[in-house]
Amino acid sequence: MMILGGRSLQLVYALLILLHMQTSVGFNSTTADYKIRCIESERQVLLTFKQSLVDEYGMLSSWGSEEEKKECCEWDGVQCSNTTGHVTMLILFLLQGNLSPSLFELQHLTYLNLTWNDFNLSHVPESISSLNKLQHLHLQLSNLSGSLPNQLANLTSLQSLDLSHNEFKIKNFEWLSPLSYLRYLDLSGIDLSKVNNYLAEAINKLPHLTIMYLYACNLPYVLPQSIPMINTSTSLAILDLSFNNLSASTFQWLSKFNKSLVRLDLSDNSIQGLIPENLGHMTYLEILDLSGNQVRGIPKSSGNLCKLRYLDLYHNNLVGILPELISNLSGCLQLSLEELILGENKIKGPLPDMIKNFLSLRQLDFYNNQLSGTLPKSIGLLSKLEWLQISSNSLNGMIIESHFSNLSKLQGLDMSFNPLSFNFSHDWIPPFQLDDIKLVSCKLGPMFPRWLKTQRNFSYLDISGTEISDNIPKWFWNLSSRAYHVNLSSNDLYGVLPNLSATKFADSFGLEIDLSKNKLEGPLPLFPVNVTFINLSKNSFSGSISSLCTITSGNLVFLDVSHNQLSGKLPDCMTQWTSLVVLNLANNHLFGKIPSSIGSLSCLESLGLQNNNFSGEIPWALGSCNALQFLDLNYNSFSGIIPTWIGERLSSLTFLLLRSNNFSGDIPLQLCWLTNIMLLDLSNNNLSKSIPWCIHNLTALAQKENSARDHSFPIRIDADPENNGRYADKASVMWKGMERDYGNGNLKNLRIIDLSSNKLTGEIPVQISVLFEVVQLNLSRNQLTGRIPSDIGQMRQLESLDLSQNQLSGHLPESMSQLNFLSTLNLSYNNFSGRIPFSTQMQSFNASAFVGNPSLCGLPLTPTCPGDEKSKSKPTDNGGKDNQEDRSAFWKSFKPGMELGAAIGFVGVLAVKLDHPWKHLCFLLFNNVRVRLNNLKDCLYLLVVAVGLVMREHVSRLGRKLKLFEPSVSS
């Protein structure tokens with residue numbers, strides 16, 4: 001349906017080359033009247049060239065010096081002239097080695113294609129100039145480098161030249177201008193930023209140039225405009241300038257091709273603002289791709305593009321209301337336009353009734369805009385429409401049969417994520433047979449949509465979250481043998497599933513099925529052997545999971561049956577699931593040991609077994625799953641030691657959760673080798689001895705870079721629509737004392753160490769302070785001794801710190817005042833002593849955070865610390881002179897206090913009046929006490945405390961001065 005873009009045509013072109021290699025090249029051997037054998041000197045040239053290559057795939061297996069291989073014209077990739085016997089065509093691919101100059105002794109070559117080879121950054125030899133009969137030269141994707149020799153200018157017979165996607169350093173285009181017969185030129189993927197002036201001049205001298213690809217050439221924001229138009233090509237029909245840095249001024253340079261351009265690709269550039277009106281002068285244009293720019297508007301002259309069939313403005317900054325935008329496309333364009341793609345913009349307003357005038361439309365795409373209102377019934381008049389994409393807008397109202405009355409050619413329908421309600425009669429038979437059906441979050445229920453019974457050819461169906469509360473009818477499972485993606489999740493479907501291996505879905509290759517978040521019950525069904533994706537989570541399935549052993553094709557990549565009522569042991573049949581990436585069996589009633597066949601899951605990246613009753617040791621075979629990133633064994637009955645091989649063999653681990661099991665022994669030092677770990681939870685076990693001193697080697701906890709990533713799959717799947725087709729791990733995490741579920745990408749933003757509720761002894765390693773990005777550290781309920789590391793204030797991202805119920809002692813480090821983001825703190829029931837450090841955070845906590853430390857004092861635990869009250873010395877009267885000095889000293893000290901109090905009060909007023917900017921003012925004011933303020937409450941608290949301390953000091957001094965002053969007055 002889609003009109004092919006530049007890259008698509010290149011791909012088709014490459015595939016045709018491959019087909020040609022296998023059919024056309026070497027055909028001489030099958031020609032009955034073929035008599036001329038190859039010329040011996042040329043055969044030796046080819047054998048010499050072969051010696052410089054590594055033929056890993058046997059592409060040159062037919063080449064040789066043996067008697068039966070002497071006819072080089074029958075070698076794979078070689079074609080000779082039927083009259084002279086000279087080698088005229090050579091097509092070689094998938095070879096490695098150097099590009100030997102000997103090859104260019106074949107001076108009768110007219111066609112040379114060395115695409116898709118690895119020539120180890122070889123340079124193009126100057127001897128290429130000897131191929132003066134060459135008409136077609138294709139060297140793309142062959143790992144060549146260096147400067148192009150000027151001798152290329154001698155190839156004056158060239159009609160097509162493809163040098164794309166190599167490491168060439170082009171210094172000039174002196175070699176290009178003489179190639180006056182050139183019709184096809186591809187320099188894609190070569191940096192032309194420093195020679196673009198010369199390129200434009202050279203192009204002007206190629207009068208027959210018809211097709212030019214300059215994709216991803218780092219072309220500048222502004223192309224030169226003042227190049228003299230000498231012999232300017234008037235035949236340039238296809239031009240691909242995509243993935244560069246071009247601006248809207250490019251249209252001025254392109255104006256010289258107004259009468260020839262048929263297809264223009266300017267996608268993924270830097271075109272901003274309005275498209276110039278002179279676009280309307282390109283009257284021969286049939287395909288225009290401006291996607292991936294920052295275009296804000298379409299000129300009215302666009303309506304004059306009477307031959308334009310394809311217009312792509314996907315992912316721009318189009319604004320305004322849709323009716324006005326559509327009116328700019330009015331004119332003869334509305335008779336020719338077949339595909340209009342305006343998705344991923346900021347277009348508002350309703351879909352106008354005038355859309356019915358675009359009678360040739362085959363594709364209409366308004367995905368992810370801000371459209372509102374109801375869908376006009378006139379949409380049903382677009383009788384040629386094949387694809388309608390209006391998902392992710394705010395369209396509302398009722399969808400009825402007349403919306404589709406004449407859409408007999410419709411193949412794809414996507415109305416997802418709009419508050420639309422479908423209301424069809426019970427016996428409605430749609431005029432179309434859909435291939436793609438996407439109606440996510442529309443309202444189709446409560447009954448299962450009966451009109452789907454007529455759709456027998458769909459390959460993709462997603463009606464998740466559509467408020468269906470019904471049984472899945474039996475006819476549904478036998479609708480289409482082409483279905484590869486079926487998503488009925490997030491409804492209220494109930495009942496028991498049939499044997500899916502006996503339905504038409506079993507004939508589909510690579511079936512993906514998602515029935516999660518429903519009310520389905522009964523045993524797990526038998527699945528087709530070639531299924532790739534199964535998500536039955538959050539239902540009420542029960543019984544054994546042994547039926548999964550019927551999946552034997554090795555294509556299964558995703559299996560999630562979590563949050564059900566499944567029971568029994570894990571079957572030992574996982575050797576058949578060698579492609580499995582995600583396995584989630586969490587929150588069931590499974591028990592027993594993990595079978596050794598789990599070691600066969602070499603692609604496994606995520607394993608969730610939490611909240612079951614698995615027992616025994618973690619099997620050694622799991623160490624063979626060295627791609628594992630996520631391992632959650634929380635809330636089971638695993639026992640024994642934590643294996644050392646977890647650190648030695650599972651180097652990709654990012655999340656390791658072993659909470660609430662029966663692990664014993666020490667924490668192995670090898671866990672320090674897990675440099676990608678972001679969440680380490682070993683809490684609530686029986687672990688003993690000390691925390692490893694090497695904990696600072698967990699470098700992902702010290703760096704801002706995020707080592708977590710969504711899971712990739714060896715084949716294409718649409719795993720999780722909430723994550724744009726990617727699967728993100730989900731886990732239950734103890735966060736600030738409460739258990740919370742994290743998923744959909746949120747989990748990978750956490751950096752946590754939880755070793756609580758064990759029997760750990762010794763001191764907290766001082767090295768832990770370098771884990772700067774940890775947001776939660778929980779070492780509570782152990783037997784730790786010694787002091788808190790003095791540099792703990794370096795862990796400035798800490799939001800939660802729990803060291804309670806240990807045997808820690810000593811003063812609290814002053815650096816704790818630097819923990820500006822700390823919102824949860826528990827140091828209770830230890831042996832800490834001394835004064836609680838002063839900071840906004842520390843004094844804001846409840847006293848319960850510090851209880852159980854008899855020798856600890858200061859706010860918020862106690863108002864004062866021992867020794868705060870100094871003994872008052874008896875005043876003496878030294879006469880008026882002393883009193884005068886005291887009064888002078890009093891005013892000298894009182895005046896700055898007043899100024900400071902006034903300044904602080906003024907900042908407080910600013911804090912209230914100016915909202916957010918007060919943070920910066922307060923921070924600057926109190927920077928000398930190293931306090932960063934997080935909210936208005938903290939700021940006002942600090943102001944009050946500061947004013948109180950100043951005033952208390954001055955009132956105390958005032959009292960002393962007045963006592964000294966009274967005798968002098970009375971006298």
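1. Leaving aside its neighbours within four places in sequence, which residues is W175 in contact with? This is a predicted model. In it, W175 touches L148, P149, N150 and L152. A153, L161, L163 and I170 are also in contact with W175.

2. W175 belongs to the largest nonpolar core, a set of 233 residues. It is listed there with L192, M415 and F476 as having the most contacts inside that core. In soluble globular proteins, nonpolar side chains tend to be buried together.

3. Another core lies apart from the largest one. It has 12 residues, and L679, A731, L747 and L750 are among them.

4. On overall make-up, the chain has 971 residues, of which 53% count as buried. Its secondary structure comprises 11 helices and 56 strands. Take the contacts between residues at least 6 apart in sequence: 58% of them join residues at least 24 apart. The accessible surface of the chain is about 41300 Å². Carbon and sulfur atoms account for 52% of that surface.

5. Helix 2 covers residues 40-51. Its length checks out: at 1.5 Å a residue, its 12 residues should span 16 Å, and the end C-alpha atoms are 17 Å apart, so the two values agree.

6. Which residues of helix 2 are buried? They are E42, R43, V45, L46, L47 and F49. Note that the list includes E42 and R43. The cover over the buried residues of helix 2 includes strand 1 (53-54), strand 2 (78-80) and strand 3 (87-91).

7. Strand 53 (residues 807-811) pairs with strand 51 (residues 785-786). The two run parallel and are joined by 2 bridges. One partnership links G786 to L808 in strand 53.

8. Strand 53 also pairs with strand 55 (residues 831-835), again in parallel, through 3 bridges. Here G810 has F832 of strand 55 as its bridge partner.

9. Now confidence. The mean pLDDT of the chain is 85, and 82% of its residues reach 70 or more. Two stretches need a caution. Over residues 713-724, pLDDT stays under 50. The model still has 39 contacts beyond four places in sequence for this stretch. Over residues 871-971, pLDDT also stays under 50, and the model has 67 such contacts beyond four places in sequence. Where pLDDT is low, the predicted coordinates should not be read in detail.

Methods: Residues are numbered from 1 along each chain as its sequence is written. This is a predicted model: local features need pLDDT of at least 70, side-chain atom pairs count only at pLDDT 80 or more; totals for chains, interfaces and linings use all residues. Side-chain values use heavy atoms; hydrogens and water are left out. A nonpolar core is a set of buried Ala, Val, Leu, Ile, Met, Phe, Trp, Tyr and Cys residues joined through side-chain atoms within 4.5 Å. Buried means under 20% relative accessible area, exposed over 50%, partly exposed in between (1.4 Å probe, protein chains only). Contact means heavy atoms within 4.5 Å. Helices (H or I, at least four residues) and strands (E, at least two) are DSSP runs, numbered from the N terminus. The expected span of a helix is 1.5 Å times one less than its number of residues. Two strands pair if DSSP finds at least two bridges between them. pLDDT is the predictor's confidence in each residue, from 0 to 100. Accessible areas come from the Shrake-Rupley method with a 1.4 Å probe; for residues, only the protein chains shown count as cover.
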